[in-house]
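Q: I am new here, so please walk me through this picture. I would like to hear what makes each label fit.

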Amino acid sequence: MTKILFTNRPKDVWIGGDYIQMERTAEELEKLGVGVEIIESGLLRPALRIREFDIVHNFNFPMVWATYSCWMANLHRKPWVSTMIYTDTDRFVSYEKQQIMIDNCSAAIFANQGEVERAKKRLTIKDDIIHIIPNGIDDFWLRNIRPKNNNYGDYVLTVGRIENFKGQLAVAKACKELGFKYICVGETPDENYAKRVRAEGAMILPPMNKEELIKMYKYAKVMVLASKTEVMSLAVMEAMAQNCPIVLTDGSGWKPNNVSFCKYNNVSSIKQAIKKEYGRKVDHKEQIKQYRWEEVAKQLKQIYDNLLVNNV
């Protein structure tokens, strides 16, 4: 049996789509007969155990734990794969180190061409290591939810961490000027920023379980994710599965059909996009149904198989 070591940040650092992506991919790989173990925070503590695995697969390329993962994989001559989730930042790892990492990467997994282009602005990447595998979505999010009592009335929705990078403050200002209720669901790692968002009239709700969250998507007049950059947001995919109108920024690597785009931190641009999408009847389900975690796992398994043949 092929044995894969998944490495990522500690799970309790934040609630994020990267961990959902990793765990669901692991589940589907195991159904295909691939053994997967998840170790958090790189490979410093369990370094000697790397010999038990055939391939090391890291999630979140431009982060500190990825440097440890890459280093240990190469030290033990194991193929190193990275699901990039690439954000253009050197806040955690310098671009110089990122270039060394990508030079030692056996396969770089991107969610879409937009993410590839973003990474190539900073890094020189060999074409033969680039693979595009879109994210998946669970059937749960495609369920038909019957209308029931909606406790929040009409509202604009954002789901995700409330922080400057995600751009909720500009959305709150746009909604205030439009006279629309704005609800944010997610963690508040930067409480000062969250206070500023609340001061503009936004309601901030804590992270929800999926049974609660699917109803929020169902009743929202529009889902807005006005982040500086995004790869392929699972929250947006979930909202689209409930036929919620969508607004994204032009910093999104994923460009789904039949949605509106705005500029990051530009209140006027955000207002225009919200007005266009607010309450609009859309049918996103057929577009979303094509994305499956099973397909993600199948494509990854093929990459693993090819790497092991070439690594003999």
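A: Happy to! Let's begin with exposure: a residue is buried under 20% relative accessible area, exposed over 50% and partly exposed in between, using a 1.4 Å probe and protein chains only. This is a predicted model, in which local features need pLDDT of at least 70 and side-chain atom pairs count only at pLDDT 80 or more, while totals for chains, interfaces and linings use all residues. Residues are numbered from 1 along each chain as its sequence is written, and side-chain values use heavy atoms, leaving out hydrogens and water.

Q: What makes lysine 276 count as exposed?
A: Its relative accessible area is 58%, which is over 50%, so the label exposed fits. Lysine 276 belongs to helix H9, where helices (H or I, at least four residues) and strands (E, at least two) are DSSP runs numbered from the N terminus.

Q: Why are the buried residues of H9 said to be on the same side?
A: Helix H9 spans residues 267-277, and its buried residues are Ser269, Ile270, Ala273, Ile274 and Glu277. They cover an arc of only 130° around the axis, so they sit on the same side of H9; the arc is that of the directions from the helix axis to the C-beta atoms. The face turned away from that side carries the exposed Ser268, Gln272, Lys275 and Lys276.

Q: What do the buried residues of H9 pack against?
A: They pack against S7, H5, S10, strand S11 (246-249) and strand S12 (260-262). Contact here means heavy atoms within 4.5 Å.

Q: How do you know that asparagine 266 caps H9?
A: A side-chain oxygen of asparagine 266 lies 3.2 Å from the backbone nitrogen of serine 268, at the N-terminal end of H9. A polar contact is a pair of N or O atoms within 3.5 Å; within protein, one must be able to donate a hydrogen and the other to accept it, and residues adjacent in sequence count only if both atoms are side-chain atoms. The value of 3.2 Å is within 3.5 Å, so the distance fits.

Q: In what order do the strands of the sheet with S7 stand, and why are S9 and S12 called edges?
A: The six strands form an open sheet in the order S9-S8-S7-S10-S11-S12, with parallel pairing. Strand S9 (203-205) and S12 each have a single partner strand, so one side of each lacks a neighbour in the sheet. From one strand to the next, the twist averages 25°.

Q: How do you know that S11 and S12 pair?
A: Two strands pair if DSSP finds at least two bridges between them. Three bridges join the parallel S11 and S12, so the pairing holds. In S12, phenylalanine 261 stands opposite leucine 248. H9 packs on this sheet too, and its direction makes about 165° with that of S12; axes are lines fitted to C-alpha atoms, for helices over the stretch in contact, and angles run from 0 to 180 degrees between N-to-C directions.

Q: What makes both faces of S7 count as covered?
A: In strand S7 (residues 156-159), Val156 and Thr158 on one side and Leu157 and Val159 on the other are all buried. In a regular strand the side chains alternate between the two faces of the sheet.

Q: What makes threonine 158 buried?
A: Its relative accessible area is 2%, which is under 20%, so it is buried. Among the residues threonine 158 touches are Gln168, Ile183 and Met223. A polar contact of 2.7 Å also joins its side chain to that of tyrosine 182.

Q: What sets isoleucine 85 and asparagine 243 apart in exposure?
A: Isoleucine 85, in the loop between S4 and helix H3 (95-103), has 18% relative accessible area, so it counts as buried. Asparagine 243, in the loop between helix H8 (234-241) and S11, is at 26%, so it counts as partly exposed. Neither is a glycine, yet phi is near 45° in isoleucine 85 and about 55° in asparagine 243.

Note on methods: Lists of a residue's contacts leave out its neighbours within four places in sequence.
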